[in-house]
Amino acid sequence: MQERHQNRKQYFCELAKTSKDYYLDYLRPYITLTPQTRVLEIGCGEGGNLLPFAELGCEVKGVDICDGRIEQARAFFAEFGQKGTFECENFIEAEKPQDEAEKFDLVLVHDVIEHIESPYKETFVGNIRPLLKRNGLVFFGFPAWQMPFGGHQQIGRGFVSKTPFIHNLPVPLYRALLKASGEDDRCIEELMSIKRAQMSIEGFERVCKATGFSIVNRKFWFINPHYKQKFNLTPIALNPLLGKIPYFRNYYTTSAFYLLKAES
């Protein structure tokens, strides 16, 4: 397991840097970010992605099902002198805003959809619609399942954490290798859940269509922008020709950016 997964302040700062350098630039052609802009992040963790939006004066809110992460988000925002609202809740079960002023101009869902197991993905995405203002946008970012570390095996402690593509193996063999790597039951179950969830580019676009969202923009990355913080690698967009080849592109897309809007 990488140190950043244990040092949560370091992780918070790295996410904030990536968000400032890449997410803002990706969004700016489509939305003007001002103090009147309401931004919600679903699965916000410690809130690092939201910090640059708060620094621009946006009204930011983060929700997460882990109360420990919410406590950290509140503490980190206070330390950085920024305002933000953070709540521990399952947004699907939470009461939906009825007033347009209480809805959001922008919803962020980064590195979350690949953790939602397949039977529930449409429910998850569909429940974002009531949160959006009339012209609101949704930003999704996720690693394509088949890419070298699309199984999140890097959260392990043994040899599997450094073994690319191992998550693409059949379930019995993958589970056996996780045990041989010395991973504990909790880690194994988390990795098996991600394997059941496996989010491909094609699968995500099917979910978008089924839930009434249209794609405003999409961008595939060969070198994930966050790898600049994690590994000091320069982000590189996927070759557009590779990006047009269904299924094959999943093996080369370390991060997929999507901007969506709800269809009328």
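1. F165 is partly exposed in this predicted model, because its relative accessible area is 36%, a value that falls between the limits of 20% for buried and 50% for exposed. F165 belongs to the loop that links β5 (132-142) and α5 (171-180). Its backbone deserves a remark: phi of F165 is near 65 degrees, which is a positive value in a residue other than glycine.

2. F165 also contributes to a nonpolar surface patch of about 610 Å². The other contributors are F222, I236, I245, F248, Y251 and Y252. One of these residues, I245, sits in the loop between α9 and β8. I245 counts as partly exposed because its relative accessibility is 37%. Membership of a patch requires over 30% relative accessible area, and the values for F165 and I245 may be read against that cut-off.

3. A positive phi is likewise found at Y247, where the angle is near 70 degrees in a residue other than glycine. Y247 is placed in the loop between α9 (240-243) and β8 (255-262), and I245 is located in the loop between α9 and β8 as well.

4. Turning to the sheet, eight strands form an open arrangement with mixed pairing, in the order β3-β2-β1-β4-β5-β8-β6-β7. Its edges are β3 and β7 (236-237), each of which pairs on one side only. In general, strands of a sheet pair through backbone hydrogen bonds, in either a parallel or an antiparallel manner.

5. Two of the parallel pairings may be described in detail. Strand β1 (residues 38-42) and strand β2 (residues 59-64) run parallel and are joined by five bridges; L40 has K61 of β2 as its bridge partner. The pairing of β4 with β5 is also parallel and extends over six bridges, with V107 standing opposite V138 in β5.

6. How many of the 11 residues of β5 are buried? Nine of them are, so β5 is largely enclosed by the rest of the structure. In the strand order, β5 stands between β4 and β8.

7. A charged feature should also be noted: E95, D99, E100 and E102 form a negative surface patch. E95 is situated in the loop between β3 (85-88) and β4 (104-110). Is E95 buried or exposed? E95 counts as exposed because its relative accessibility is 76%, and the cut-off for that class is over 50%. Of the two strands that flank this loop, β3 is an edge strand of the sheet, while β4 lies between β1 and β5 in the strand order.

Methods:
Residues numbered from 1 in each chain as written. Predicted model: local features only at pLDDT ≥ 70, side-chain atom pairs only at ≥ 80, totals over all residues. Heavy atoms only, no water. Patch = residues over 30% accessible without salt bridge, like charges linked within 9 Å, V, L, I, M, F, W, Y side chains within 5 Å. Areas by Shrake-Rupley, 256 points an atom, 1.4 Å probe, with all protein chains shown as cover. Salt bridge = Lys/Arg side-chain N within 4 Å of Asp/Glu carboxyl O. Lys, Arg positive; Asp, Glu negative; His and termini not counted. Charge placed at Lys NZ, Arg CZ, Asp CG, Glu CD. Helix = DSSP H or I, 4+ residues; strand = E, 2+ residues; numbered from the N terminus. Buried < 20%, exposed > 50% of the residue type's maximum accessible area, 1.4 Å probe, protein only. Pairing = 2+ DSSP bridges.
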